[in-house]
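Let's take a walk through this one together, from its strands to its core and then out to its charged pairs. Keep the viewer open as you read.

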Amino acid sequence: MVKKAETKVIEMENKIEKMTQFLADNKIECFDIQKLEDEHHTTIFRSRMEVKGQLLPMALLMDDSVYVMLQVQIAPQVIDEAKLKELAGAINNMNNNVRPFKFTVSEKGDLMLNACITAENNTFNPALANAIMGEAVKFLDDQYGNIMEAVWAK
């Protein structure tokens, strides 16, 4: 068992090292890096996306799985249980029509945009992760008004 856990940590560190090196090589300095002391050895690259004059919190989560998760907080703590029932149809419609991104509501009521990136160490490509973040910005620039209209509709 110890060898397997050590292997996971080493694999995870490789993804993190690749992402950290990519950021340094491209002089991208807008990320804070947080290492969690959890069973998945999670590391979070935190930043913000500017969308329609709003700074939206964003995180790229890496752990010892074969996935990297991009999360963007679109609207913080605005969706309660009643609002979620109203928005369920709109969220399902967005999820069915927007292939690269999925919308979720956190336990705190945050409307989130997510993208899951397959990321084995030998195939993890930080440039692809960066491109997906760029696509998220483009998508949100285009759809932010519609999304917020649905969130605030009575």
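Which element gives the most to the lining of the largest pocket? Before the answer, one caution: what you're looking at is a predicted model. The element to pick out is β3, which gives four residues to that lining. The pocket holds about 250 Å³ of space, and you can trace its wall through Ile 44, Arg 46, Ser 47, Pro 57, Met 58, Ala 59, Leu 61, Gln 71, Gln 73, Asp 110 and Met 112. Besides β3, strands β2 and β4 each supply at least two residues of the lining.

Now look at how those strands are put together. β2 (43-51) and β3 (54-62) pair in the antiparallel sense, with nine bridges between them. Their hairpin has two residues between the strands, and there Lys 52 takes a positive phi near 50°. On the other side of the story is β4 (67-75), which runs antiparallel to β3 and is joined to it by five bridges. That pair forms a hairpin too, with four residues between the strands.

Ala 59 is a handy residue for seeing how this fits together. In β3, Ala 59 is the bridge partner of Arg 46, and Ala 59 also stands opposite Gln 71 in β4. Arg 46, Ala 59 and Gln 71 are among the residues that line the largest pocket, so to speak a row you can follow with the cursor.Next, the nonpolar core. In general, nonpolar side chains in soluble globular proteins tend to be buried together. Here the largest nonpolar core has 39 residues, and those with the most contacts inside it are Leu 60, Ile 74, Phe 103, Leu 111, Leu 113, Leu 140 and Ile 147. The elements that give two or more residues to this core are α1 (2-25), β2, β3, β4, α2, β6 (111-118) and α3. Of these, α3 gives the most, with nine residues.

If you'd like to zoom in on one core residue, try Leu 60. Setting aside neighbours within four places in sequence, Leu 60 is in contact with Met 19, Thr 43, Ile 44, Phe 45, Val 68, Met 69, Leu 70, Ala 129 and Met 133.

What about enclosed space? The structure holds one cavity of 30 Å³ or more, with a volume of about 30 Å³. Leu 87, Ala 90, Ile 91, Met 94, Leu 111, Ile 147, Ala 150 and Val 151 line this cavity. Helices α2 and α3 each supply at least two of the lining residues, and α2 has the largest share, with four. Leu 111 and Ile 147, both in that lining, also appear in the list of core residues with the most contacts.

Finally, the charged pairs. How many salt bridges does a search of the whole structure find? It finds two. One joins the side chains of Lys 83 and Glu 86, at 3.6 Å from N to O. These residues sit three apart in helix α2 (residues 81-97), so about one helical turn separates them. Lys 83 is buried, at 13% relative accessible area, whereas Glu 86 is exposed, at 52%.

The other salt bridge links Lys 138 and Glu 135, at 3.3 Å from N to O. Again the spacing is three residues, this time in helix α3 (residues 126-152), which means that about one helical turn lies between the partners. Lys 138 is exposed, with a relative accessible area of 54%, and Glu 135 counts as partly exposed, at 42%.

Terms used. Residues numbered from 1 in each chain as written. Predicted model: local features only at pLDDT ≥ 70, side-chain atom pairs only at ≥ 80, totals over all residues. Heavy atoms only, no water. Salt bridge = Lys/Arg side-chain N within 4 Å of Asp/Glu carboxyl O. Buried < 20%, exposed > 50% of the residue type's maximum accessible area, 1.4 Å probe, protein only. Core = buried A, V, L, I, M, F, W, Y, C linked by side-chain atoms within 4.5 Å. Contact = heavy atoms within 4.5 Å. Pairing = 2+ DSSP bridges. 1 Å grid on protein atoms, 1.4 Å probe; cavity = no way out; pocket = protein on both sides within 12 Å on 5 of 7 lines; lining within 4 Å. Points joined across faces, edges and corners; volume = space filled by probe spheres on them.
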